[in-house]
Amino acid sequence: MKLISILVAASCLTAQAFGVSQRPAIKKISSNPALVPSGLRNTHKVPDATVSPLFRDAALTRGGAVPGWAAYNEALDKNPITAKALTSAVGFFLGDLLAQLFIVKSGVLDIRRLVTLTVFGLIYHGPSGHFFYNWLDGKIKGTDGKSVATKVAIDQVIWCPIFMCVFFTYLGLAAGDSLTTIGNKIKADLFTAVQGSWKIWPLVHAVNFKFISTKHRLIFINGVQIMFNMFLSLLGSK
């Protein structure tokens, strides 16, 4: 429960750090369009996943909430795959670093393990997340309850096991393990990893798919995932 509470708090703080705030409610003036001046008529469209009702106008958010936020948004626009790859590299680096410093406490930093997990974030988590979430938001538009629930289900039932299999395969290959050893590792730990994900990520992704825009999904995920990566790094190093 402590880990879940920390992750939920982290998701809220991550969103707050980006300069997010609830938009004020729009009062209903009249149900008859003919009685409403054209300038005041509600032309609001059903929100899709490419915009977020939590993020302020880009002109106000960029460079205001977080140092470097403007440059990061520019990188997301010009080189999204590179920006997201580096974002995930930082997330996995911090996750394993914190795990080694505060959980393992061996007294000696395992540089090879730290580099291995950082590279995984760089070459797989960031790029694959970019394509997967862009595809998912393209196929399932909208931020209504049904759309959000469907996205969460697809992410956790289909994408999560695939991700975990790739994660364990990568670690095995990096360690020089045989395919048989890697297969046994997946059989032994896959369900544990997926169960760990199911305890945390459905709630986090409900916030993610409801309130966070497509291009900011990975930085939001990595802001929360630093704690989850501590769990993954420990599980992967067994």
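Start by selecting Lys105, which sits in the loop between helix H4 (80–104) and H5. Helices here are DSSP runs of H or I with at least four residues, strands are runs of E with at least two, and both are numbered from the N terminus. Before going further, note that this is a predicted model: local features need pLDDT of at least 70, side-chain atom pairs count only at pLDDT 80 or more, and totals for chains, interfaces and linings use all residues. Residues are numbered from 1 along each chain as its sequence is written, and side-chain values use heavy atoms, with hydrogens and water left out.

**Stop 1: Lys105**

With Lys105 still selected, look at its backbone: phi is positive, about 50°, although the residue is not a glycine. Is Lys105 buried or exposed? Lys105 counts as exposed because its relative accessible area is 60%; the cut-offs are under 20% for buried, over 50% for exposed and in between for partly exposed (1.4 Å probe, protein chains only).

**Stop 2: the whole chain**

Now zoom out and colour by secondary structure. The protein chain has eight helices and zero strands. Of its 238 residues, 42% are buried. Switch on a surface, and you are looking at about 13000 Å² of exposed area, with carbon and sulfur atoms supplying 67% of it. Such areas come from the Shrake-Rupley method with a 1.4 Å probe; for residues, only the protein chains shown count as cover. Contacts (heavy atoms within 4.5 Å) tell you about the fold too: among those between residues at least 6 apart in sequence, 76% join residues at least 24 apart.

**Stop 3: the nonpolar cores**

Next, select Phe120, Phe163, Met164, Phe167 and Trp201. These are the residues with the most contacts inside the largest nonpolar core, which has 32 residues. Such a core is a set of buried Ala, Val, Leu, Ile, Met, Phe, Trp, Tyr and Cys residues joined through side-chain atoms within 4.5 Å. Helix H5 (111–139), helix H6 (145–175), helix H7 (179–211) and helix H8 (217–236) each supply at least two of its residues, and H6 gives the most, with 10. For a second, separate core of five residues, select Tyr72, Leu76, Ala83 and Ile219, which are among its members.

**Stop 4: the cavity**

How many cavities of 30 Å³ or more does a search of the whole structure find? The search finds one, with a volume of about 210 Å³. On a 1 Å grid over the protein atoms alone, a cavity is a set of points where a 1.4 Å probe fits but cannot get out, and lining residues have an atom within 4 Å of a point. Points are joined across faces, edges and corners, and the volume is the space filled by probe spheres set on them.

Select His125, Tyr133, Trp159, Phe163 and Gln225: of the 17 lining residues, these are the closest to the cavity's centre. H5, H6, H7 and H8 each give two or more residues to the lining, and the largest share, six residues, comes from H6.

**Stop 5: two pairs**

Move to Lys187 in helix H7. Lys187 is exposed, with a relative accessible area of 72%. Add Cys165 to the selection: the two are 22 residues apart in sequence and 9.5 Å apart in space, C-alpha to C-alpha.

Finish in helix H8 at Gly223, which is partly exposed at 27% relative accessibility. Select Gly91 as well: the pair is 132 residues apart along the chain, yet their C-alpha atoms are separated by 7.1 Å.

Methods:
1 Å grid on protein atoms, 1.4 Å probe; cavity = no way out; pocket = protein on both sides within 12 Å on 5 of 7 lines; lining within 4 Å.
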